[in-house]
Amino acid sequence: MKTIEHNIENQKIIFDYRKFLFWEKESALILSDVHVGKITHFIKNGIPLPENSSFSNLKLLKSIISEYQPQKVFFLGDLFHSNYNSEWDEWLSFFKNTSIRFTLIKGNHDQLNHRIEQLNIYKEFFLPPFHFSHFPELVDGKFNIHGHIHPAYKLTGKGKQVLKLPCFHICKNSLTLPSFGAFTGNHFVRLENTNDQIFILSKNQIFKIKS
Amino acid sequence: MSDFESWVTNWMGKKNWKPQKFQSDTWKAVLSGYSGLVNAPTGSGKTLSLLPPILWPNKDCSLKTNVFCIWITPLRSLSQQIRISMEEFIDENNLNLTVGIRNGDTPQKIRNLQRKKFPHILITTPESLQLLISSKDWVKKFSSLQAVVVDEWHELIGSKRGVQTELCIAALQNLNSKISIWGISATIGNLKEAMSVLLGDLNKNEKRVLIQSNFKKKITVQSIAPKEIKQMPWRGHLGTNLIRYLTPVINKSQSTLIFTNTRSQCELWYQKILAEIPELAGNMAMHHGSISKEIRIWVEDSLRNNQLKVVVCTSSLDLGVDFHPVESIIQIGGPKGVARFIQRAGRSGHQPNKESKIYFLPTHAIELIECSALNKAVQQEYVEQRKPYILCFDVLIQFLISLAVSEGFYPNNVLNYIKKTHAFSLITLQEWEWVLKNITIGSNSLKAYNEYKKVDILESGLFKVNSRLIAMRHRLQIGTIVSDEQLQIKLINGKRIGVIEEWFISKLKKGEVFLFGGQFYKIFQIKNMEVLVKKSKSKKGKVVSWMGGRMSFSSYMSELLRNELYELNNPQLNKDISPLNYLAKIQLQISTIPKENEFLIESFETKEGFHTIFYPFEGRFVHEALSHLIAYRISLLKPVTFSLAYNDYGFELLSDEFLNIENILDNNLWNESYLFEDLNQSINTSEMARRKFRDIAVISGLIFTGMPNKRKKNKDLQSGSQLLFDVFRDYEPENLLFKQSFSETFEYQLEEGRLRKALIRIQKQKLIWKKISKPSPFSFPIITDRLRESLSSEQFDDRISKMLNNYS
């Protein structure tokens, strides 16, 4: 499967194997923890990494946008890894040259010392029925969609097989997004409650873990 | 007799000592300007073979003279001991000379004094020496250097610390080519090579000499295994249920040193012994590398002063420190190598001509075979070689940045002298240029990386680090021993207890109890890289564990082991391994014991899946490689996924379906041709190179480990080596550091040469395939090993689907 359709709070949400959500009613693409500028930040600080490795994130996002044609894109925090560096430039010119509305929730990495006019920046926001944030936050029992955690799942099989894969994690009143960025780490999560859902992601597919 | 000789022998005479031949030979060689290697065991007076002739030309020198001798030791704990014996010689000869220590334990006050003026003799470690080279004025400070001595060179040569030492020595020699270089080494299988690695490969005709002491020590090995094999566990490596067999040895000895193989084993045994013999409370201590310096020094001093009856320790007490009073040595579990075992045995009966006795307690049944093999090895006095590392670009990058941080360097000059080292004698011009580009423009492409900042090239052509931040980060990270992130353990009142690895503490919560240094502690708070604890009266808690590399049998040890094993088929068993009869009987009942011309494969099913066990008896490292190679070759025949496990005896391929060996064996499974290609393929799909890459990434500065014990961890500059590995694999596979992770895997982990020999041997053997209904005694330690790797030829998404089906 490439996508899984799942209803949350009576809203149809599409979960895509490329680590983002599509909320049909709002025509919104939702993704988190891109960490733009991470590679260049390392290079700037004397850690020689291959420079061309930083281009893939934007290329991927552009192709997703042309496929889904969203009106809005929500970044749930940590869009930028650190202070402004040259890696931002392509993103900034991309923001400028499209009619899509971009919204960013400020994450712990987003220093935002560089003004970006096309970006609507919030600490958190409520768009019924969802409360969007970077950190997990439960507010008045509203369903929370957030990032920050970089969740991943350890899949085990017969013969002591283990695979570690990024995942979407739905737990009670919250949904955690995997990190969209290609050069980021992860944190392992488990199925804790009977109603929890975990969708694991490979390079080509999305799978549902049966609880 | 020369003036010098009468001077020294006169002094020795007052102590009723007589110069030994290796000492007087070394004196002559040093005084005639030779460099070389002294092969002498601990306790034989090796320091006295080098110290007096180095002091002789300086005995009238004034306090103003700068450092003339650098004495490098691999372990900080040895420094104190060496200084005491040096000062004894200096004081009793009324010399006006100073001895000082510079290492990670040196307090800031003394560092400040040393900044103004070094002592005449500086005792240091490879890491601290490189740090000194990365500080300003090092050229001036070392300008009057005459000699460099590397103590316990055998401990350094087989590691990257050896390469680091070679580079530092080359830099010092570049200041003054007349500096003489001396090493001191215990017996290893390649002493001549050890000398030429230390002194450099070029100029072989210069004055150099290998001096060996004829100091022979009688060593007896005694097994203290249970009389009946039924009491032996079949697996595991802790063996604490065998404690009662230790009690008689401890009781009858004045003092006992108990060697364990890991730090957590050390902690466990300490508890168990205390529970078994409560009278020992107050007379027993523990010594391992993570315990705080103060406690370690206290244990060492108490041992020396005969104030402790029992010390449980790890390899942290393997090295030099002299303990005359130790009466008995106990080794718990297989020591994996003959040299290590002999060194440990040498901790007792330390005086020349006194017999050393070592008791061996096997922790599981099969180790009984090891005991007998070790005994033979000790009698034949065979010890392993230590293979020197070459072309470590990570260490070279670290060294070059050290030079650039202090006074800067001119590439041609440095290339000239590093080519004289053994490690870099084969460096190509291309590789050298790659390294220079890496530290200056950050890439091998012609275009400089955007904003890359590390080493600048000044107009004069000098390579120099100008950024204070880069310099500070670099100094914090000098060294080639890579460990997991360490946290300090402190009592609430601030007293330091030791260090613990972050991954272990991250599994514990506030209020939980753990065992460390023989005491239970309750976690009060974890903050700022510190774990604050309170002593706990609890009798239960998690035993601290550490990720350390596991050791492998040397090839000689493996051969001895195979021979012992073949004898199990032979009724004439010697007394030492007779308890093995029971084990042999069960092994023969369930499966079989291979003869010299046979190769055993066992297959059986458990709820975990289908186990196939191969028994080459070639040591852990060879089995690691063989398991990948064979798994890969089988996976070419059909889509399959294996989980791999291995120990010193054999390896396991665990799969979710039955493996019909008869169908597979015809396919040239053991062929030694295409070895390199097939291994390369199998390693590409495995974790081995990734693990090597972690060390390389840290040493070369790709991973910034943060300020030790500092609040600010520079989180935005941290990344896992796994991520970096993927970045290089996908975007810059020609990167020399990335490539080095593969060449290290081949050379040092997989031991390609040994592997090839093993394959040729196996091809000549008759394969015996036993389909058995339950695990055999031989298979037990392997199938219960939790450290596993995997190899698969199935489609990734198919594997996921298959595994997901298990979940419903």
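In the predicted model, six strands of chain B form an open sheet with mixed pairing. The strand order is β26-β22-β23-β25-β24-β27. Two strands of chain B, β26 (766-771) and β27 (789-792), form the edges, and each pairs on one side only. Neighbouring strands are turned by 20 degrees against each other on average, direction ignored. Within this sheet, β22(B), residues 598-606, runs antiparallel to β23(B), residues 609-615. Seven bridges join the two strands. In this pairing, Glu605(B) stands opposite Phe610(B) of β23(B).

A helix of chain B, α23 (residues 620-637), packs on the sheet. It touches β23, β24 (641-646), β25 (651-655) and β27 of chain B. The direction of α23(B) makes about 165 degrees with that of β24(B).

Ile782(B) lies in helix α30 of chain B, residues 780-783. Ile782(B) counts as buried because 24 C-beta neighbours fall inside 10 Å, and the cut-off for burial is 20 or more. Its contacts, leaving aside neighbours within four places in sequence, are Ile613(B), Ala645(B), Tyr646(B), Asn647(B), Gly650(B), Phe651(B) and Glu652(B). Tyr649(B) is 133 residues away from Ile782(B) along the chain, yet the two C-alpha atoms are separated by 8.3 Å.

Elsewhere in chain B, antiparallel pairing links β18, β19 and β20 in succession. Strand β18(B), residues 513-516, pairs with β19(B), residues 519-527, over four bridges. Leu515(B) has Phe520(B) in β19(B) as its bridge partner. Two residues lie between the strands of this hairpin, and Gly517(B) takes a positive phi near 55 degrees there. Six bridges then join β19(B) to β20(B), residues 530-535. Here the bridge partner of Lys527(B) is Glu530(B) in β20(B).

Two helices of chain B, α26 (residues 688-699) and α27 (residues 721-731), cross at roughly 100 degrees. Their axes come within 9 Å. The crossing angle therefore makes α26(B) roughly perpendicular to α27(B), a class that covers 65 to 115 degrees. From α26(B), the contact takes Arg690(B), Phe693(B), Arg694(B) and Ala697(B). These meet Ser721(B), Gln722(B), Leu724(B) and Phe725(B) of α27(B). By class, the contact has four nonpolar, two polar and two charged residues.

The helix α1(B), residues 3-14, was checked against its expected span. Its 12 residues should span 16 Å at 1.5 Å a residue. The end C-alpha atoms are 17 Å apart, which agrees. Just after this helix, Asn16(B) takes a positive phi of about 60 degrees.

Chains A and B are in contact through 35 residues from chain A and 40 residues from chain B. On the chain A side, the elements giving two or more residues are α1 (38-44), β11 (151-157), β12 (161-171) and β16 (206-209). The helix α1(A) gives the most, with five residues. By class, this side of chain A has 11 nonpolar, 19 polar and five charged residues.

Chain A also holds several backbone exceptions. Most residues other than glycine have a negative phi, and most peptide bonds are trans. The peptide bond from Pro128(A) to Pro129(A) is cis, with omega near 5 degrees. Pro129(A) is placed in the loop between β8 (125-127) and β9 (130-133) of chain A.

Ser27(A) has a positive phi of about 45 degrees, although it is not a glycine. This residue is in the loop between β3 (20-23) and β4 (28-31) of chain A. Ser27(A) counts as partly exposed because it has 14 C-beta neighbours inside 10 Å. Asp78(A), also a residue other than glycine, has a positive phi near 55 degrees. Its place is in the loop between β5 (72-75) and α3 (88-96) of chain A. Asp78(A) is buried, with 27 other C-beta atoms within 10 Å.

Conventions: Residues numbered from 1 in each chain as written. Chains lettered and ligands numbered in written order. Predicted model: local features only at pLDDT ≥ 70, side-chain atom pairs only at ≥ 80, totals over all residues. Contact = placed C-beta atoms within 7 Å. Nonpolar A, V, L, I, M, F, W, Y, C, P; charged D, E, K, R; others polar. Pairing = 2+ DSSP bridges. Axes fitted to C-alpha atoms, helices over the stretch in contact; angles between N-to-C directions. Parallel < 35°, antiparallel > 145°, perpendicular 65-115°, else oblique. Buried ≥ 20, exposed ≤ 12 C-beta atoms within 10 Å, placed from the backbone. Expected span 1.5 Å × (residues − 1).
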